[in-house]
Each structure stands twice: as structure tokens, then as C-alpha cells.
Amino acid sequence: KQNSNAGKEFVIGFLPNYGSVPTLVLFLTAPTSLNYTISCPGASFATSGSLNANGLVSVSLPGSVVMPVGKGKNGVFITATDDLIVYGLNQVRFTTDAFLALPTYIQRYEYVVASYGGRAGSSFGVVAIEDSTTVTLLPSVALSGGVLSYASGRNHTIKLQRLETLVLKGSDVTGTRVFSDKIISVFGGHDCANVPSNKRACDHLAEQMPPVETLGERYAIAPLATRTGGDMFR
């Protein structure tokens, strides 16, 4: 099957946002009618529903679904009876971002994290898709999360079970490499980044990282319609 953002199974996670408990929403759409299920056993959340062809459904999740810093159990499992497209929204007043979810069939074993530095809050998250997954980290900077801490420039390993999560923070975690012996989902972002770093207002950042195997050399981009000061790329 050709790589696509549409699929019948997704394993995702929501990174911590800035300040208060966030509003979390999944947006689902598909070219055909289908049934879907969404669950996060670690937050005791489950729901299901139907989607009409070319329709759009929004599903609210409790704020407790957010992955905790350190090790947790807040992976979100989404299944559908036909190919589904999923977006995740993580919203706190004045600080919001959304990400395109990637289906499990394109996930692989090696990732490079993209994030942003400046103020504290640069982070990434790993969600295990299968039991007994060994994750190896090669940090670009010193990392910490809960009781965990990892020095930069050397390999560190941790084992995760299905839908267990790992969130770590550093001064700018961009360039951190993540390897695994089973497929995983990886997310990069920031609690609330100042972009550019000399600007006062901050905003949440969150994206699902594509595996290294799927990266290319040419990209098509589109500027924001109302932006007059240019766009920034990493």
C-alpha cells in the first residue's frame, strides 16, 4: 500500500500544552461512510460512532488524555472500518496547535525529532504500538521527564508496553534520534514556543513525526494567507 495519511488504524498522543487543562478534539473525515472507535485506556476513555462519506465529525476527549511528562499510559487508539483521515487539536486559550495523524501502517523504527527552543517547554513524545517495545534514544541535548534523565550524545534505552507513552523535555530537543525494535509513533513540539524567539507571545506546537524512511528531498509549501513577515522553517 502506498504511504498516505489515510488509514484504518492510528496510535497517537497529545503533548502537554501550556498552563491549564487543554481542550482536546479529534477531527475525522473520509471519502466513504464508515464506523470508528476511539479509546484511551489510560484515561478510562472510549467512544465510537459513524461517519458519512465526505462528512466531518469532531470528537472531544477529556484533558486527562494528555501524555504526562515522563512515562505514562495515555496512548490513544483509533480504528475504522475503512480509510480514515484524522487531525488532533490541542487548545488552551491563546495557545493552540493541531497535527495531522499518521496511520500505524506507515510507522517505522527510526525518527528524528523536530521541535523549537527558546523558552522552556521543548518536548517530544513516544507512543508504543506493540507490547515489549524497546526504545533507544540518542539525545541532541540533555533530556528529563519525571524521574527520568538522559545525557546528550549517548544512547539510552527504555521499554514500553502497548499504548504506554514517554514524554521528555530539553532546551531544544530538535535533532534527537529515536530508534525502536517495533513500530512506534513519535510526536515533536513545545508547551508554548516564542516564534521567533524574540517575540513575546507564545503558542503551542505539536506535530506527528514521519519516520526517517518516508522523508524526501523536495517539499511543496504554502504561506499563511495573512502573514506579511514571512514564514519560518526548520
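Me: Where is Asn-194 found in this model?
Reply: In the loop between β17 (184-193) and β18 (203-208). Keep in mind that the model is predicted.

Me: Why is Asn-194 called buried?
Reply: Buried means under 20% relative accessible area. Asn-194 comes in at 9%, so it counts as buried.

Me: What makes the link from the side chain of Asn-194 to Arg-200 a polar contact?
Reply: The cut-off for a pair of N or O atoms is 3.5 Å. The Asn-194 side chain reaches the backbone oxygen of Arg-200 at 2.7 Å, so that pair is within it. The backbone oxygen of Ala-201 is reached as well, at 3.3 Å, and therefore that pair also passes.

Me: Which residues does Asn-194 touch, leaving out those up to four places away in sequence?
Reply: Tyr-116, Arg-119, Lys-199, Arg-200, Ala-201 and Cys-202.

Me: OK, over to the cores. Which residues have the most contacts inside the largest nonpolar core?
Reply: Ile-12 and Leu-84, in a core of 37 residues. Among the elements giving two or more residues to this core are β1 (7-12), β2 (23-29) and β7 (76-92), and β7 gives the most, with 6 residues.

Me: What is Leu-84 in contact with, aside from its neighbours within four places in sequence?
Reply: Its partners include Phe-10, Leu-28, Leu-34, Leu-51 and Ile-78, and also Asn-5 and Thr-29.

Me: Which residues does the second core include?
Reply: Val-126, Leu-143, Ile-158 and Leu-168 are among its 19 residues, and this core is separate.

Terms used
Residues are numbered from 1 along each chain as its sequence is written. This is a predicted model: local features need pLDDT of at least 70, side-chain atom pairs count only at pLDDT 80 or more; totals for chains, interfaces and linings use all residues. Side-chain values use heavy atoms; hydrogens and water are left out. A nonpolar core is a set of buried Ala, Val, Leu, Ile, Met, Phe, Trp, Tyr and Cys residues joined through side-chain atoms within 4.5 Å. Buried means under 20% relative accessible area, exposed over 50%, partly exposed in between (1.4 Å probe, protein chains only). Helices (H or I, at least four residues) and strands (E, at least two) are DSSP runs, numbered from the N terminus. Contact means heavy atoms within 4.5 Å. A polar contact is a pair of N or O atoms within 3.5 Å; within protein, one must be able to donate a hydrogen and the other to accept it, and residues adjacent in sequence count only if both atoms are side-chain atoms.
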